[in-house]
Amino acid sequence: MAYTSSSFKTRARTIDHLGREQIADCPTAISELWKNSYDAYATEVSLHLFDGNIDVAGLLDNGHGMNREEFENKWLTVGTESKTDGFEARPEDRNGLYPRPKQGQKGIGRLSSAALGPLLLLVSKRKDSRFVASLIDWRLFENPFIYLQDIRIPVTEFDHCYQLLEELPGMFDGLMGNIWGDSDDEARNQRLAEAWEMFSERELSVGVEADDTTKCRIENTLIEEVFTERHFNQWQVWRSEADHGTAMFVAGLQDALQALLSSTPLKEAEDYERSYRENFFQTLSNFTDPYSKKGEPATDNFDYSVTAWRGNLPDEILHKEKQFNIANLEDLEHIIEGSVDHEGYFKGRVKVFGEWVAEDYTVKPKQAYKTRKDTAFGPFHLRIGSYEDQIGNTSLPDDLHSMFKQQSELYSGLLVFRDGLRIMPYGRADSDYFRVEERRTKNAGMYFWSNRRMFGRVALTRESNPNLKDKAGREGFIDNKASKLFREIVENILIDVAKKHLGRYSETRKPTIEAIKEQKAQLKAEEDRKKLLSKERGRIRRSIKNNTSRLINHLQKLNELRQSAESRLSINTIDELQALKSEIDQLTEVTQSFSLSPIPPSLGRLEDDYRSYRRSELAAKEIIQQLTSAVNRAIAESQQKTDYEKATEIYRSKLASVNNSITKYATRGREMLSKQQTELDNLVKHCREQYKTVVENELEDLKLEKIPLSKVLTILDEEQEKVEIENAQKLSPYITALERINEEIDLEGLAIHSMNESTKYREELARLHSLAQLGVTVEIVGHELESLDLIIDSSLKSIAETQLNGEQKDYLKKANDAHLSLMEKLRFLSPLKLSGEKISKRISGQEIYNYVNDYFEEQFAKSDVVFSMTKSFASLFVHEYPSRIYPVFINLVNNALYWVQRTENEKRYITLDVNNNEIIVADNGPGVDSDDVEQLFTLFFTRKQRGGRGVGLYLSKQNLQAGGHKIRYETRENYKALPGANFAIEFKGVTHG
């Protein structure tokens with residue numbers, strides 16, 4: 001039987017099938033076009049969106065570009081060999097870059113530009129070649145009655161970029177020939193006319209308006225109003241900043257791109273618009289692999305960005321540098337990273353709660369995979385990180401945890417990259433390729449991982465995994481055996497790490513979280529301490545700033561009242577005296593209002609301001625005390641009323657003042673109670689609704705028989721435990737605080753006291769460390785000086801044996817005297833050394849006096865200081881180590897020597913005395929400020945302007961305490977031996993001869 005041959009006939013609609021209808025969505029289409037730019041060795045690709053009567057998008061790159069021949073024979077030829085395996089770009093086309101693995105596969109990626117909008121203007125420039133431009137209306141290919149060979153695409157060349165505007169009308173006329181026909185081919189014209197007539201009739205039959213048919217919309221395009229210089233100016237080639245590249249300008253943008261031009265904030269946008277914008281960002285924000293390190297597949301020298309232009313104002317929507325990257329991922333508390341070989345074995349390391357717990361972590365495949373060449377998977381690398389959702393469980397600082405929560409809204413997801421560029425749609429919210437969320441619905445606690453708080457990627461190469469091929473619409477891998485095994489391996493790794501280290505059944509999870517909670521409690525206490533300290537310093541700073549001038553004026557008023565008090569106290573009427581008493585009481589209340597107590601242990605830079613303020617406050621209190629004593633005495637001496645009448649009237653006056661103060665506190669208290677009652681009610685309401693909100697969806701699914709009862713019961717148990725813990729953490733502080741108030745415990749006072757005590761002990765510990773270093777240093781220096789003494793002594797004797805003139809002998813004598821004096825001081829200090837002789841001796845007061853006087857004799861004489869002791873001191877005896885006794889007196893007398901020289905007294909005295917069985921070391925210097933007495937024996941506290949280290953008194957107290965002795969500063973005037981500083985030492989077992 002005879003047969004005839006025939007061939008395929010291709011309708012124009014085929015291009016629409018391969019392009020616009022094939023691609024998954026608009027962001028995926030852009031990613032395909034960016035990959036084309038990457039294959040063209042561009043270093044920059046950008047998408048610019050312009051508003052206007054007709055919205056326009058410009059997709060611009062600086063790749064090697066095309067000339068006319070390449071455009072017609074490659075770009076306009078579907079399924080070209082340029083993207084087939086093994087093709088390498090010519091060196092001159094690489095623009096100085098290393099060879100790049102090709103991203104395109106089927107040679108149809110360029111057709112995805114139809115998914116952006118119907119009208120495309122393509123302009124390209126190869127180095128040393130003319131510009132080539134073409135105008136395409138993709139709506140031509142929607143007509144199912146036109147044959148592909150009847151579509152003619154207008155193409156033109158020109159030498160200068162500005163000539164593009166001149167060429168546009170001619171290209172538009174050529175484009176319209178596909179509607180109206182051309183004069184050179186009548187048969188084609190007839191076919192086109194019939195095709196458009198049939199297409200329009202079909203559209204009208206389904207309800208399309210006569211002026212809205214595809215043909216009418218193409219014909220009504222006013223090309224001169226579509227593309228303008230505003231759009232071209234963003235292209236580097238147009239600005240003469242590059243001499244090669246390709247630009248695609250698309251008019252009549254799809255809804256997804258129009259949504260990006262909206263100025264409405266994302267949270268306020270309509271649901272459909274918000275969905276478009278979120279999907280766009282999720283798809284393109286990590287177009288290149290941000291999680292790779294050196295030596296891993298990555299893309300260098302390729303930047304991408306998206307900018308929306310509203311008028312002349314740019315709004316950068318997306319940029320390569322503004323994404324979550326490897327540095328951020330490495331800050332996560334849970335990380336898996338390593339490589340999988342061609343047999344499915346994972347080898348790498350695992351980080352759990354911030355610690356690398358397994359540096360040689362291995363996960364075996366579920367089975368030994370049997371594959372052929374066309375079904376095998378190849379090696380790949382993965383790096384995945386996550387964090388704990390509950391802030392009470394996380395090892396991260398609160399600010400970092402909060403940052404990750406915010407970033408997860410934008411960048412979370414498990415991505416897949418091939419040769420450094422992203423494979424769609426993996427990592428988007430609507431993709432669960434590795435079934436992470438599916439497993440969570442079964443047992444969230446056991447499987448741990450969640451797409452919404454995962455960051456990371458799987459990285460593979462086309463060369464190692466040729467069987468992992470994209471679907472035609474770029475909706476992920478083709479579902480073949482290689483992709484199934486690839487997915488199973490990744491899932492197996494996630495499950496293994498979750499079960500062993502992160503999930504509910506991990507042996508280490510529970511104790512680790514308990515330790516974290518304990519640590520966080522300590523950190524919270526420390527933060528509260530710092531916050532309270534800062535608050536107290538702020539209070540003092542504000543009080544000093546706001547009250548200093550008022551305090552000075554108040555002090556001046558008190559001084560004036562004191563000056564006039566003598567005449568007013570001499571008045572005869574008791575009523576006037578009681579009026580004066582009332583006035584003084586009011587001034588007393590004002591004086592008390594200037595108090596800054598309680599004072600934190602460290603004021604920092606406020607110290608000097610506080611001292612000045614404190615002196616004025618104490619002066620005011622002293623005047624008030626004097627006035628109060630004087631008026632009380634005058635009232636008591638008055639005979640005009642009985643004592644009971646006097647006291648009763650004063651009582652009534654003070655009672656009114658007390659009640660007035662209570663009323664003020666009560667008003668403030670009721671306001672705070674009302675506020676806290678409202679907050680507590682709101683918190684309780686939230687806690688009551690929380691459990692219901694969490695589980696009501698599962699109950700609804702159970703009602704609809706979507707999930708089994710066993711799963712719902714597990715969820716109810718898990719969520720109850722979680723909510724109970726959260727509620728306790730929220731409500732317990734309220735209850736505890738109220739209980740303490742009920743018990744009349746001053747929480748603020750207690751907190752400040754605890755803070756002061758904590759700070760004091762912390763500082764004490766730090767000082768002890770410093771003191772230990774100081775003691776070691778002194779020992780070393782003392783040893784070195786003793787060694788050097790021998791060398792100096794020998795050298796001086798050698799010089800003395802040589803012939804010297806008179807002047808040289810004088811210099812030698814001075815050097816000898818200085819050397820002898822220095823070594824004498826060292827011998828005096830030898831009992832003070834830590835390593836000094838540890839022999840207890842009976843030491844008399846006379847011996848102590850002689851030791852101190854010999855040490856300071858020259859300084860006493862130079863400073864005109866009289867150093868003395870009483871008979872009672874000379875006759876006492878102490879049984880103790882000299883190294884424990886002598887340093888105390890040396891230090892106390894040294895301090896006294898410093899301060900008596902800073903007094904206006906003509907005569908300077910330092911004396912050793914005994915009072916009430918306590919030894920007194922006294923001087924007639926300025927004494928110690930009352931505010932400094934409490935911290936006088938604190939390490940490193942000093943008021944000396946020079947030469948003071950704040951160590952002596954601390955060491956003196958510690959030395960004496962080691963032997964069971966005590967030292968204090970005497971503040972009682974009647975017990976002082978001299979009017980200046982008086983230190984009282986209580987020796988254990990002191991006797992008198």
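In this predicted model, helix α21 passes helix α23 in a right-handed crossing. Helix α21 covers residues 845–863 and helix α23 covers residues 882–900, and their axes come within 10 Å and cross at roughly 25°. Angles under 35 degrees count as roughly parallel, and α21 and α23 are therefore roughly parallel to each other.

A look at the side of each helix that takes part fills in the picture. From α21, the residues E847, I848, Y851, V852, Y855, F856, Q859, F860 and S863 meet a set in α23 made up of I885, Y886, F889, I890, V893, N894 and L897. Sorted by class, the residues of this contact of α21 with α23 comprise 12 nonpolar, three polar and one charged.

Helix α23 also packs against another helix. The axes of α23 and helix α24, which spans residues 952–962, come within 9 Å and cross at roughly 150°. Since angles over 145 degrees count as roughly antiparallel, that crossing makes α23 roughly antiparallel to α24. Here α23 passes α24 in a left-handed crossing. On the α23 side the contact is made by S883, R884, P887, V888, N891, L892 and N895, and on the α24 side by G952, L953, S956, N959, L960 and A962. The residues of the contact of α23 with α24 divide into six nonpolar, six polar and one charged.

A further helix pair lies earlier in the numbering, with helix α14 at residues 509–569 and helix α15 at residues 574–593. These two helices pack at an angle of about 160°, and their axes are 12 Å apart. That angle makes α14 roughly antiparallel to α15, and the crossing of α14 and α15 is left-handed. Helix α14 brings H554, K557, L558, L561, R568 and L569 to the contact, where they meet L577, L580, E583, I584, L587, V590 and T591 of α15. Among the residues of the contact of α14 with α15, eight are nonpolar, two are polar and three are charged.

Attention now turns from helix packing to enclosed space. The count comes to five cavities of 30 Å³ or more. The second largest cavity has a volume of about 40 Å³. Lining this second largest cavity are N915, N916, E918, I920, R968, E970, R972 and Y975. By class, that lining has two nonpolar residues, two polar residues and four charged residues.

Two details of the backbone, each in a loop, complete this tour. The peptide bond from M424 to P425 is cis, with omega near 5°. P425 sits in the loop that runs between strand β14, at 421–422, and helix α12, at 436–447. At Y41, phi is near 60°, which is a positive value in a residue other than glycine. Y41 has its place in the loop between helix α2, at 26–39, and strand β1, at 44–50.

Notes: Residues numbered from 1 in each chain as written. Predicted model: local features only at pLDDT ≥ 70, side-chain atom pairs only at ≥ 80, totals over all residues. Heavy atoms only, no water. Axes fitted to C-alpha atoms, helices over the stretch in contact; angles between N-to-C directions. Helix = DSSP H or I, 4+ residues; strand = E, 2+ residues; numbered from the N terminus. Parallel < 35°, antiparallel > 145°, perpendicular 65-115°, else oblique. Left-handed = near helix turned anticlockwise from the far one by under 90°. Contact = heavy atoms within 4.5 Å. Nonpolar A, V, L, I, M, F, W, Y, C, P; charged D, E, K, R; others polar. 1 Å grid on protein atoms, 1.4 Å probe; cavity = no way out; pocket = protein on both sides within 12 Å on 5 of 7 lines; lining within 4 Å. Points joined across faces, edges and corners; volume = space filled by probe spheres on them.
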